[in-house]
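Welcome! Keep your viewer open and your mouse ready, and we will go through this protein one selection at a time.

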Amino acid sequence: MDGLWRPLRHFVLKVHSRCDLACDHCYIYEHADQSWRGRPVAMAPETVRAAAGRITQHAARHGLARVGVVLHGGEPLLLGVRRLRGVLEELRGTISGVCELDLRMQTNGVRLDAATCELLLEHRVRVGVSLDGGRADNDRHRRYRNGASSHTRVLSALHLLRRPRYRPLYAGLLCTVDPANEPEAVYEALLAERPPRIDLLLPHATWDQPPAPVGAWLRAFHERWAADGRPVPVRLFDSIRSLGLGGPTGTEAVGLDDGDVVVIETDGAWEEPDSMKTTEPGGGATGLTVFDASADDVTGLPAMRRRRSGLAALSATCRACEVVRQCGGGLTAHRWSARNGFDNPSVYCDDLKELIIAINEHPGPVAGDLGALPADAFDGLGYGYGDAATVALLADAELAVNRALVGEVVGETAAGGQLLAELERRAPEVFDEVLRHPFVRSWAVSCLDGGGSDCDPDWAAAIAAAVAVRAGIEVEVPVRAHGGRIHLPTVGFFAAPAAEVTVVPGPGGFTLRWPGGRTQVPGNRSGWHAARWVTVDGTRILLEDADPYRDRLEHAAAEHLDAEAAGGWSAVLERAWGHLAADAPEQLDGLRQGLRVIVPLAPAPDGTLRSATSRHAFGALGLARADDPAAVAVLLVHEFQHTKLGAVLDLIDLVPEDAAGERLRVGWRSDPRPVEAALQGAYAHLAVADIWRRRDNRELFRMYRDWTAEAIDALRSGDRLTPAGSRFVARMADTVNGWGA
Ligand code: SF4
């Protein structure tokens with residue numbers, strides 16, 4: 001084996017080779033290869049052990065962060081709960097020692113009951129169920145051997161999977177396309193089962209046994225799905241769209257990515273995917289077993305190489321085709337003819353072309369589309385950067401979020417609402433400036449999340465007073481004190497001697513008035529503390545040491561700074577900026593545009609560096625004061641990556657809902673991280689690696705680069721990303737790959 005082949009990441013385990021249904025479109029029992037007849041009915045424990053050992057060996061050898069194993073058949077549930085438990089314990093016990101294990105099962109569903117679901121829950125096995133549509137559509141093929149319908153039992157299984165307790169198990173529906181079924185009716189029947197994802201499978205066929213055309217059917221299904229607003233991911237459509245955007249595919253059925261799936265049969269035989277069984281007797285066989293050959297031995301076989309050779313493996317017709325990068329010649333098996341072998345276009349060529357052209361011509365507002373971001377801005381962020389114009393787009397989007405949230409809070413409390421509307425009309429630019437303050441959103445979120453002592457509903461009045469003061473609009477704004485202060489965001493705070501203070505802007509300043517007293521700013525300003533603005537390289541940054549909502553960052557905020565400490569911050573930021581110009585010049589314009597606030601954090605007791613951001617405070621970075629400006633420069637870039645990505649995630653779904661609960665192993669932490677956190681970490685480390693690369697610190701560069709590359713690998717395996725997420729991570733990978741070794 002040479003080193004050019006991607007390791008295998010998905011292993012289909014045939015744990016039971018028979019089925020309790022007799023679907024007449026089944027590619028295992030009803031096509032050319034009949035090898036199932038000579039195999040054991042169930043996978044023996046020693047075969048499971050050998051398979052688990054080979055998968056573990058492969059993962060360890062290639063340093064894989066994660067592998068996927070799908071329990072398949074026949075029908076895997078025919079194993080029964082006891083034997084299934086044995087299989088799951090063996091797989092988890094062996095493979096989980098070296099990498100994360102994504103366990104799945106593909107079932108016809110008829111035997112799925114609560115006891116089985118409990119076991120699957122215990123071992124975190126996600127379940128895909130086969131369903132071809134409503135009762136009549138499903139009955140067309142999916143029947144018991146005696147002709148009885150399986151539909152009612154499948155719907156019972158899906159009902160079970162929708163129960164809150166078992167919902168995490170529900171991976172989606174697999175529908176085999178039959179043009180005899182009405183596409184809209186099939187769509188509605190599938191959607192009614194509220195699947196997290198739909199997979200459409202083209203009936204397996206070859207040039208020797210050509211299928212009925214399915215292009216019009218697929219297009220009609222796609223049109224209806226698109227008109228409905230893409231309520232659920234459909235892997236085939238999302239993959240074609242992603243490939244069209246330059247991203248990866250999520251299925252071997254389309255695209256030029258080298259496949260990373262291999263099958264292990266009940267007798268331990270390594271095989272190519274099941275679709276190859278439709279070609280000829282022995283189609284898909286490798287002659288190797290888990291007892292005598294490793295997964296690397298399998299990847300070295302000519303047949304596996306052919307299937308995984310991308311463009312080079314395709315016919316001349318496909319190589320010259322205008323949509324080849326999206327189609328990829330379809331599934332390998334569908335190219336087969338006894339006469340030419342695989343040197344043909346897909347037997348579904350016309351159908352695939354019709355669908356791809358329809359998707360390209362009418363991409364529509366797809367789930368995972370790029371939202372308000374132009375493609376080049378999105379890609380620029382994906383590469384790990386983002387110029388001033390791009391960050392300005394993000395900042396404007398975050399302003400819209402702030403406005404909407406404030407509107408919601410004010411709608412509920414009415415405090416300051418009318419006045420805010422009036423001020424916005426009279427001074428729209430100043431109004432926006434104040435609403436861009438990062439902790440406006442933190443405040444609104446704390447109120448909308450249920451309030452409690454965290455929420456000061458009267459803060460809307462403080463925002464209004466800040467706008468009035470900054471715009472010099474002569475209105476009287478009563479502001480209630482909170483924690484003994486009134487705090488006017490971006491303006492300053494006042495140690496209030498009364499429960500309520502009225503802010504009265506006037507020419508050149510404002511008056512603070514309360515029962516029995518008043519003070520003038522500027523002038524007699526006892527108790528007033530102006531907000532601390534510093535200017536770094538021409539950029540005004542608020543050194544926020546007083547905002548009551550600045551404590552939403554992960555680490556505690558420092559107390560109010562004295563003048564000397566504030567001066568120290570200013571000096572260290574100035575010098576850190578100098579390092580950025582040398583070590584991260586591509587990040588500077590974005591930082592200038594998006595960095596609004598620095599929150600001094602309380603130092604760590606052990607003196608280690610501290611920094612933080614909050615998804616609900618765009619443009620604010622928390623830093624514990626460090627005297628090393630080079631280290632501060634790294635922290636600024638690291639945290640600003642989180643800020644940018646948080647804003648992208650506000651605009652665009654990069655992680656599908658059904659992957660949100662998953663955990664990934666990452667190099668920089670010992671505990672597995674949620675998918676979005678892994679993406680955030682990888683994105684921050686991507687930029688940090690780039691700094692160490694420029695500083696020529698090979699050790700730190702390699703550490704951050706490897707962490708990033710491994711996380712990218714993990715994110716790109718399985719169904720962890722939407723099409724837009726795949727594109728974003730593909731750009732990140734481009735940057736890493738561009739660095740070389
Ligand atoms: S199968 Fe047809 S549509 Fe697909 S790449 Fe080949 S020629 Fe193009």
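Start by selecting residues 459–471, which form helix α19 in this predicted model. This helix has 13 residues. From its first C-alpha to its last it reaches 18 Å, close to the 18 Å expected at 1.5 Å a residue.

Now show the surroundings of α19. Is this helix mostly covered or mostly open? It is mostly covered, with 12 of its 13 residues buried. Try colouring some of the buried ones, including W459, I463, V467, V469 and R470. Several alanines are buried here too, among them A460, A464 and A468. Then step just past the end of the helix to G472, the residue that follows α19. Its phi is positive, near 70°.

Next, select the ligand. Which residues are closest to it? Of the 13 residues that surround the ligand, the closest are C318, C321, C327, S346 and C349. Three elements give two or more residues to this shell: α11 (316–319), α12 (324–327) and α13 (349–361). Colour α13 brightest, as it gives the most, with 3 residues. By class, the shell holds 8 nonpolar, 4 polar and 1 charged residues.

Finally, zoom out to the whole protein. You can look for 25 helices and 23 strands. The radius of gyration is 30 Å, close to the 27 Å that the globule rule gives for 741 residues, so the protein is as compact as a globular protein of that length. Its C-alpha atoms fill a box of roughly 95 × 55 × 50 Å along the principal axes. Buried residues make up 52% of the 741.

Methods
Residues are numbered from 1 along each chain as its sequence is written. This is a predicted model: local features need pLDDT of at least 70, side-chain atom pairs count only at pLDDT 80 or more; totals for chains, interfaces and linings use all residues. Helices (H or I, at least four residues) and strands (E, at least two) are DSSP runs, numbered from the N terminus. The radius of gyration is taken over C-alpha atoms; the globule rule is 2.2 Å times the number of residues to the power 0.38. A residue is buried if 20 or more other C-beta atoms lie within 10 Å of its own, exposed if 12 or fewer, and partly exposed in between; C-beta atoms are placed from the backbone. A residue is near a molecule or strand if its C-beta atom, placed from the backbone, lies within 6 Å of it. Ala, Val, Leu, Ile, Met, Phe, Trp, Tyr, Cys and Pro count as nonpolar, Asp, Glu, Lys and Arg as charged, and the others, Gly among them, as polar. The expected span of a helix is 1.5 Å times one less than its number of residues.
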